[in-house]
Amino acid sequence: MNHPEEMFIGKTADISQEGCGGYRITSPSRRTFLGLLLSAGAAGVGALLSVPLFRFLLHPLLTATSSSSWKEVGTAEDLASVTSPVKKLVKIEQRDGWRKIVSEKALYVCKDATGQLRAFSSVCPHLGCSIAWHDEKNSFVCPCHNGQFTADGKLLGGPPPRGMDQLEIKIEDGVLMVHYQNFRQLVPHKEVIA
Amino acid sequence: MAENSYVFGRERRLAPPPSEPGTLNRWIDRRKYVDSFLRAVLDEAIPGGASLAYVFGSGLLYLLLSQVITGMFLVLYYVPSADHAHTTVAYITKEVTSGSFIRSIHAYGSSAIVIVLLLHVTQTFLFGSYKGRRKLLWLAGCALFALMLGMSFTGYLLPWDQKAYFATTVGTNILTYIPFVGNSLKSLLRGGTEMGTLTLSRFFVLHVFLIPAFIFAFVAIHVFMFRRAGPAGPVQGEPEALKQSTEPFYPKQVLYDLIFAVLIIAGLGLLAHYAPVDLGPKANPADTQYVPRPEWYYIPVFQWLKYWESGLAVLGILVIPAFVGLLFVALPFLDRRPERRPWKRPVSVSIYGFVFIALGALGAISHRHDLRDPSIAPQLAKQRADVEAFMKKPFEPELSGPSLIAATVALTNPVAAKGKKVFDQEGCAECHGEDLTGTSAAPTLIGVGDKRDSAKLESILKQPTDAMTDGGMTPVELNDEDLKNLIVFLKALK
């Protein structure tokens, strides 16, 4: 009983012996088993407790936040005279966590070969830069990586994997409406993302 | 019993330095350090053996850990600003997955800490474990007690609802009783003379950075000193006999501590699941009717303050509590006899008991007053109903630039633009607000079209409901076309 380490041998003396380094080595069976049991139990309870924490953390990823509704672009009458693509802005209400925000999105309205109105998203299908219309080149040019598109959105050249993304439109009470959506970048065919 | 009956050497032998610096060897050697660390932690010798009476300290450590983790997660969504705090807490409570549960664990956790802290202090007091070489241990514990009360006081304001706002207004006003520096202290804490967004920032910094830093430091000191001094053990028994019945911390005491932690987890989990904490309506400083009440553990002090008229207020509010607090802190220096058995220490035990009974009685008196006072009881009932009503409403996201919405609507839809003109001519904005978000006289009109169809809008415009009439709404008299345009405008307000 000279060394403090040995003081508590008392009750457990029967399962203890002196180790070579001066350490007390207890019989592995009982303490190890209990240790494993307690560790497993604690790990189990810990795992259980982390479930709500993970659900809390992942909430924004598991709930769709943006709304997609029809937005008015302008009267069909005004747009009937369009000869080259015109830039139009629509305001999209979005949920941004605990806020409801109004963000402005740009799109182009133009006419196809048959004289029908069409709308294109201004977001480049390559890496998402804003595409600009160049009258003098009679084409759309993406300022980031020089992707080029015709006046009706077909891919002319450059790195983009597909042509410009066409948006759904309809005319209601003489007003052109557009269904603004976002599309996945870098894929050969357009794919809607929430 | 002599406090020195059990002396426990602290020096631990660490594994010898590695003789061969191979990678594997080093890794194994590091494991030896881990082993020696585990040994140091788990082989703590407890004189007289493990006991259920010793579970409170580790229970507090567990609760602290739980508060830190849930607190960190809450900050993922919380914004400490008077504009957004209430919205973000409502978002956490009403919308975020498991948000109400985690917030409830955090809020109930603070009450649990107070309860376990009182049990821990009472156990320490009754066992006389503050005596002898454990004086500094007691002082570090007192610092932790004060810091915990600071945590609960600062945390209470953060949701920025009615009760948070008014309870903190009262709480910070108490500082003005302090002679000479009281007002300056109050302004320093509030970040100005009035409560506002700067108050919230300051409380947030105290709650999340400053006080926790001190708590971690004092917990480290407290635990270190505890391991230095060793557990005090039972209040009686021959030193030799205790030495014989000494038992290591692991496994029995670890098991007891874990059982207590599981009980805490189960208790908090059940409470959070079946009785989640609520959130009241957003703080409205203009509300003159509101009756604030602090968190339950401050109620006795709150009641105590009622008894002190202005002349003697300093005595009752500062001198007496400071004296009691000082008495508590100085306990190991006042009660220096080595005697630990509580029945041989009648004076200190009776004073301790009296203080607790008095606090309990004050709490009970306050509760009785609130139930019986005809000027208070109905208002408290109304406040509870307000909280319930607010909790039932779905979460409303904060609108960013609502006037922008109205302008956009008018710009993009020519019919709605005509409707907007009618809206302006009729003076609707006087009550419903220029930005249509409502004023104290009338509610917001944003989203009104989602809730009612055009026919319903037409009927209530022509003939407002009783509630609307009471609020000052008059029937709208317009020709059919103007009315139609107005309704298109209202429908478009999303």
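Trainee: What makes E7(A) and strand E8 (residues 139-141) of chain A count as paired?
Mentor: They share three bridges, in the antiparallel sense, and pairing needs at least two in DSSP. So the two strands pass the test. Keep in mind that this is a predicted model, where local features need pLDDT of at least 70, side-chain atom pairs count only at pLDDT 80 or more, and totals for chains, interfaces and linings use all residues. Residues are numbered from 1 along each chain as its sequence is written, while chains are lettered from A and ligands numbered from 1 in the order in which they are written.

Trainee: Which residue stands opposite Trp133(A)?
Mentor: Phe140(A), in E8(A).

Trainee: Why are E7 and E10 of chain A called edge strands?
Mentor: The open sheet runs E7-E8-E9-E10 in chain A, with antiparallel pairing. E7 (132-134) and E10 (155-157) each have a single partner strand, so one side of each is left without a neighbour in the sheet. Strands here are DSSP runs of at least two residues, helices (H or I) of at least four, numbered from the N terminus.

Trainee: What is unusual about phi at Asn146(A)?
Mentor: Asn146(A) has a positive phi of about 60° although it isn't a glycine. You'll find Asn146(A) in the loop between E8 and strand E9 (148-149) of chain A.

Trainee: Over in chain B, is the peptide bond from Tyr250(B) to Pro251(B) cis or trans?
Mentor: Cis, with omega near 10°. Pro251(B) belongs to helix H10 (residues 249-274) of chain B.

Trainee: Why is H11(B) called roughly perpendicular to H14(B)?
Mentor: Helix H11 (residues 299-306) and helix H14 (residues 346-372) of chain B pack at about 75°, their axes 8 Å apart. Roughly perpendicular covers 65 to 115 degrees (under 35 is roughly parallel, over 145 roughly antiparallel, the rest oblique), so H11(B) earns the label against H14(B).

Trainee: Which residues make that contact?
Mentor: Ile299(B), Pro300(B), Phe302(B), Gln303(B) and Trp304(B) of H11(B) meet Leu359(B), Leu362(B), Gly363(B), Ile365(B) and Ser366(B) of H14(B); contact means C-beta atoms, placed from the backbone, within 7 Å. By class, the contact of H11(B) with H14(B) has seven nonpolar, three polar and no charged residues.

Trainee: And what makes H20(B) oblique to H22(B)?
Mentor: The axes of H20 (residues 454-462) and H22 (residues 480-492) of chain B come within 10 Å and cross at roughly 120°. That makes H20(B) oblique to H22(B). Among the residues that meet are Leu457(B) in H20(B) and Ile487(B) in H22(B).

Key
Axes fitted to C-alpha atoms, helices over the stretch in contact; angles between N-to-C directions. Contact = placed C-beta atoms within 7 Å. Nonpolar A, V, L, I, M, F, W, Y, C, P; charged D, E, K, R; others polar.
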